[in-house]
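Please examine the structure shown below, together with its sequence. The paragraphs that follow lead through it step by step.

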Amino acid sequence: MLDKQLEAVMQMAADQGAPDFSDLEPPECRAFFRDFVTSVDLPQGDVDVDNRTIPGPGGDLAIRIYKPKGSGPHPILMYFHGGGWVIGDLDAYNGVASNLAEKAGCVTIAVDYRLAPEHPYPAAVEDCYAALEWAAANAGEIGADAGRIAVSGDSAGGNLATVCAMMARDNNGPKVSYQALVYPVTQTKTGGFPSYDKYGEGHLLTNRAMDYFRKHYLDGASEPVDFRADPLNHGKLADLPPALVLVAGFDPLHDEGIAYAEKMNEAGVHVVLADYPAVAHGFFMMGGALEASRQAVDQAAGAIRRALAA
């Protein structure tokens with residue numbers, strides 16, 4: 001049964017004539033998403049905030065650094081926002097990122113990576129990995145500990161987080177110690193799992209929207225799609241960091257998230273799977289309206305704090 005608080009949010013959106021993401025051009029889609037998310041997001045956590053730009057593969061890359069109270073050095077949490085690689089920004093995820101910083105006790109770096117279709121695959125993952133490398137190299141300057149790093153993100157951001165962990169492992173990059181993946185996109189196709197058939201209409205994220213996001217992200221790719229877009233089908237999942245994989249019951253991505261958790265576990269990675277059965281895709285950033293969202297943020301933050309404890 002669908003969470004009653006989420007039902008109320010969905011009814012509010014329907015009463016306001018909320019369209020399917022796929023019915024909008026990307027600029028309008030971004031504005032709609034930002035307005036919707038900020039209306040249900042958590043209040044900003046009790047942290048210090050520093051907006052800055054760093055060098056990125058495509059030029060200046062905006063990041064937002066959330067610093068918890070107390071003396072450091074604190075662990076590092078890289079947070080990559082969701083939005084199908086097409087929508088989402090630092091403001092839309094301010095509540096989530098700042099609360100994770102406060103609750104996990106981490107210097108949390110949210111990355112305003114380049115979006116498709118203006119910047120298709122692999123621009124987003126290149127930006128996120130560059131930000132991870134920057135954080136490790138500049139940890140002392142920001143009061144952080146480069147020896148304790150976690151990566152996290154929701155939906156497309158969960159995809160980017162686990163792919164960055166793979167790239168760090170494979171390229172002798174920064175030592176990533178934990179992954180917190182929230183209903184991650186783990187494959188490049190839409191479908192192939194029962195949850196797409198069950199929940200692909202009427203529950204915030206639709207199959208049409210997933211087709212829209214994937215089309216914008218992958219069209220124009222300058223090389224064949226590889227694990228950087230398709231982590232579920234990576235040939236080597238061994239030696240990835242331990243992970244929390246959090247999934248939502250009424251979500252087309254529910255089953256592929258579970259499949260990724262199971263595949264990592266079979267490869268010897270310690271994985272905790274958290275299934276929130278009464279909510280839908282997108283609930284994680286609705287802490288201003290949903291108790292289930294606040295519980296999930298607390299669970300993720302607690303797992304990260306424990307994993308990175310000195």
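In helix α9 of this predicted model, the buried residues are A292, S293, A296, V297, A300, A301, G302, A303 and I304. Several of these positions, such as A292 and A296, or A296 and A300, recur along the helix. An α-helix has 3.6 residues a turn, so residues three or four places apart point the same way. The buried residues of α9 pack against one helix segment, α3 (94-104), and against the strands β3 (74-80), β5 (144-154), β6 (176-182), β7 (243-250) and β8 (271-280). What span should α9 have at 1.5 Å a residue? Helix α9 covers residues 291-307, and its 17 residues should span 24 Å; the C-alpha atoms at its ends are 24 Å apart, so the expected and the computed values agree.

Helix α5 (156-170) may be treated in the same manner. With 15 residues, α5 reaches 21 Å from its first C-alpha to its last, close to the 21 Å expected at 1.5 Å a residue. How many of the residues of α5 are buried? The helix is mostly covered, since 14 of its 15 residues are buried. Just after α5, N172 takes a positive phi of about 55°. G173 is found in the loop between α5 and β6. The relative accessible area of G173 is 27%, and the residue is therefore partly exposed, a class that begins where the buried class, under 20%, ends. Apart from its neighbours within four places in sequence, G173 is in contact with Y129 and A168. Between the C-alpha atoms of G173 and P19, which are 154 residues apart in sequence, the distance is 41 Å.

On the other side of α5 in sequence, the loop between β5 and α5 holds S155. UniProt lists S155 under "active site", in an unreviewed entry. Is S155 buried or exposed? Its relative accessible area is 6%, so S155 is buried. Residues up to four places away in sequence aside, S155 touches G82, V182, Y183, P184, V185, L253 and H281. One of these, V182, belongs to β6 (176-182), a strand against which the buried residues of α9 also pack.

Attention now turns to a pair of helices. Two packed helices are described by the angle between their axes and the distance between the axes. Helix α1 (residues 4-15) packs with helix α2 (residues 26-40) at an angle of about 145°, and their axes are 12 Å apart. The crossing of these two helices is right-handed. Which residues meet where α1 and α2 pack? From α1 come V9, M12 and A13, and from α2 come F36, S39 and V40. By class, this contact has five nonpolar residues, one polar residue and no charged residue.

Helix α2 also contains R30. With a relative accessible area of 16%, R30 is buried, because this value is under 20%. Its contacts, leaving aside neighbours within four places in sequence, are V86, I87, L115, A116, P117 and E118. Two of these, A116 and P117, are joined by a cis peptide bond, with omega near 5°. P117 lies in the loop between β4 (107-111) and α4 (123-137). The loop between β4 and α4 also holds P122, and the peptide bond from Y121 to P122 is likewise cis, with omega near 5°.

Helix α4 contains A124. At 0% relative accessibility, A124 counts as buried. Not counting neighbours within four places in sequence, A124 is in contact with W85, Y113, R114, L160 and Y217. The C-alpha atoms of A124 and L205 are separated by 21 Å, and the two residues are 81 residues apart along the chain.

Two further loop residues complete the account. L204, in the loop between α6 (194-199) and α7 (207-218), has a phi near 70°, a positive value in a residue other than glycine. L204 is partly exposed, with a relative accessible area of 28%. D239 has its place in the loop between α7 and β7, and its phi is also near 70° and positive. D239 is exposed, because its relative accessible area of 60% is over 50%.

Conventions:
Residues are numbered from 1 along each chain as its sequence is written. This is a predicted model: local features need pLDDT of at least 70, side-chain atom pairs count only at pLDDT 80 or more; totals for chains, interfaces and linings use all residues. Side-chain values use heavy atoms; hydrogens and water are left out. Helices (H or I, at least four residues) and strands (E, at least two) are DSSP runs, numbered from the N terminus. The expected span of a helix is 1.5 Å times one less than its number of residues. Buried means under 20% relative accessible area, exposed over 50%, partly exposed in between (1.4 Å probe, protein chains only). Contact means heavy atoms within 4.5 Å. Axes are lines fitted to C-alpha atoms, for helices over the stretch in contact, and angles run from 0 to 180 degrees between N-to-C directions. A crossing is left-handed if the near helix is turned anticlockwise from the far one by less than a right angle, and right-handed if clockwise. Ala, Val, Leu, Ile, Met, Phe, Trp, Tyr, Cys and Pro count as nonpolar, Asp, Glu, Lys and Arg as charged, and the others, Gly among them, as polar. UniProt positions are given in the numbering used here, feature names are shortened, and annotations may be inferred rather than shown by experiment.
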